Amino acid sequence: MKFKQSIMAVAALSLAASVAHADINVGVVVSATGPAASLGIPEKNTIELLPKTIGGEKVNYIILDDASDTTTAVKNARKLLTEDKVDVIVGSTISPASLAMIDVVAEAQAPMISMAASSRIVEPVDEKRRWVFKTPQNDQQMASAIVQHMAANNVKKVSYIGFANAYGEGWLEQFKRQAGAKGIEVVATESFNPTDTSVTGQVLKAMAAKPDAVFIAGSGTPAALPQKTLRQRGYTGPIYQTHGVANNDFLRICGKDCEGTLLPVGPVQMARSLPDSHPVKASAMEYVQAYEAVHGPGSVSSFGGYAWDAGVLLQAAIPEALKKAQPGTPQFRAALRDALENVRNAAGASGIYNMSATDHLGLDDRSRVMITIKDGTWTLLPQ
């Protein structure tokens with residue numbers, strides 16, 4: 001009997017030892033190449049800054065590039081879940097890819113934290129989206145900031161030029177609804193593809209509608225094309241863009257044609273300019289200092305901040321999930337999903353996250369500020 005008890009004790013200790021050393025595997029899908037590369041590269045750089053240990057467990061980050069392609073994003077997600085057995089996926093960079101990945105993570109019952117903007121990624125929180133969370137501000141939140149600025153500056157008629165994909169469609173839906181509520185009329189609706197090399201036809205139609213302002217809903221450097229074309233064709237009115245252009249590559253590509261552009265961004269983009277009393281300044285500056293210590297002064301952008309905030313959510317949720325299950329199991333994936341849904345007051349680079357069963361973004365109006373481009377750089381507008 002004593003021998004049998006000894007064997008059982010050794011087995012129990014061995015099991016405990018193996019459990020204690022279980023690794024947490026995080027699969028990451030970013031658009032490090034292709035049209036959205038200016039967004040995905042800072043995200044990839046930021047993932048490399050995230051903690052390698054959370055809750056006392058080693059964390060492995062497996063990063064794959066989807067080349068800004070939806071089909072590749074889906075293939076990457078399947079590989080990470082079936083071959084690498086990841087516990088959670090972070091990604092992708094862009095809305096169409098993130099939307100396409102929802103079916104994959106729902107089928108595998110694994111949580112996903114998207115770094116893309118469209119509210120459709122997490123709304124409504126149905127049976128599939130119960131596995132999906134995201135860190136960037138919704139197009140709905142950012143559209144309200146744009147509409148408020150337009151209303152305050154007597155803009156009554158707006159021409160819209162947006163991506164011909166889920167990103168542009170989501171923005172058009174949100175913008176038309178909120179603009180209509182403020183009595184602002186959308187007098188022209190044009191679309192273009194991120195890979196297009198000319199948008200002259202769309203721009204001429206937008207200008208022919210005699211708008212008080214033009215709103216461009218694109219992301220990354222492709223969003224510079226309609227803006228440059230508008231200026232080259234003589235349009236002198238105000239131009240609004242989305243937070244999807246808030247990186248230095250956009251400034252470089254758009255050049256002097258960017259001057260005066262108006263857009264909403266997350267606090268991290270203007271962290272140093274924020275008053276010390278701003279509720280997000282301290283957590284945003286933590287990311288800014290970590291990123292710039294490696295990549296140099298002025299290198300930080302909102303997009304890397306979205307990856308940083310995915311790490312903030314994981315650091316809040318993983319210790320709670322570890323109380324219920326061990327990494328590498330279906331039970332851990334489910335526990336991690338539940339823990340993400342219960343994250344409260346997690347301070348990130350983009351805002352303060354308060355998740356719930358009906359809100360898988362968890363940000364409020366503290367997560368946005370209006371800025372303009374002045375003398376080739378970002379400038380905070382009076383809030």
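Here are a few worked exercises on this structure, which is a predicted model.

**Exercise 1. Check whether the length of helix α11 fits its residue count.**

Start with the residues: α11 runs over 302–322, which makes 21 residues. At 1.5 Å a residue, the helix should span 30 Å, because the expected span is 1.5 Å times one less than the number of residues. Now look at the model: the end C-alpha atoms are 30 Å apart, which agrees.

Next, follow the axis. The helix α11 bends by about 25 degrees at Ala316, and Pro319 follows within four residues. Last, look at the surroundings of α11: 17 of its 21 residues are buried, so the helix is mostly covered.

**Exercise 2. Work out which strands lie at the edges of the six-stranded open sheet.**

Write down the order, which is β2-β3-β1-β4-β5-β6, with mixed pairing. The edge strands are β2 (53–54) and β6 (132–134), as each pairs on one side only.

Now zoom in on one edge. Strand β2 is joined to β3 (residues 57–65) by two bridges, and the two strands run antiparallel. Here Ile54 stands opposite Glu57 of β3. To finish, add helix α2 (residues 37–47), which packs on the sheet and touches β1 (24–30), β3 and β4 (88–91). The direction of α2 makes about 165 degrees with that of β1.

**Exercise 3. Decide whether Ser219 is buried or exposed, and find its contacts from elsewhere in the sequence.**

First, place the residue: Ser219 sits in the loop between β9 (213–217) and α8 (224–232). Its relative accessible area is 12%; the cut-off for buried is under 20%, so Ser219 counts as buried. Then skip the neighbours within four places in sequence: Ser219 is in contact with Leu39, Phe163, Tyr167, Gly244 and Val245.

**Exercise 4. Find the backbone oddities in the loops around β4 and β5.**

Keep the background in mind: most residues other than glycine have a negative phi, and most peptide bonds are trans.

Take the peptide bonds first. Gly91 and Ser92 are joined by a cis bond, with omega about -5 degrees, and Ser92 is in the loop between β4 and α4 (95–108). Another cis bond links Glu123 to Pro124, with omega about -5 degrees; Pro124 belongs to the loop between β5 (112–114) and β6.

Now for phi. Lys85, in the loop between α3 (70–82) and β4, has a positive phi of about 55 degrees. With a relative accessible area of 52%, Lys85 is exposed, because the cut-off is over 50%. Gln109, in the loop between α4 and β5, has a positive phi near 55 degrees. At 47%, Gln109 is partly exposed.

Key:
Residues are numbered from 1 along each chain as its sequence is written. This is a predicted model: local features need pLDDT of at least 70, side-chain atom pairs count only at pLDDT 80 or more; totals for chains, interfaces and linings use all residues. Side-chain values use heavy atoms; hydrogens and water are left out. The bend at a residue is the angle between axes fitted to the seven residues ending there and the seven starting there. Buried means under 20% relative accessible area, exposed over 50%, partly exposed in between (1.4 Å probe, protein chains only). Two strands pair if DSSP finds at least two bridges between them. Contact means heavy atoms within 4.5 Å. Axes are lines fitted to C-alpha atoms, for helices over the stretch in contact, and angles run from 0 to 180 degrees between N-to-C directions.
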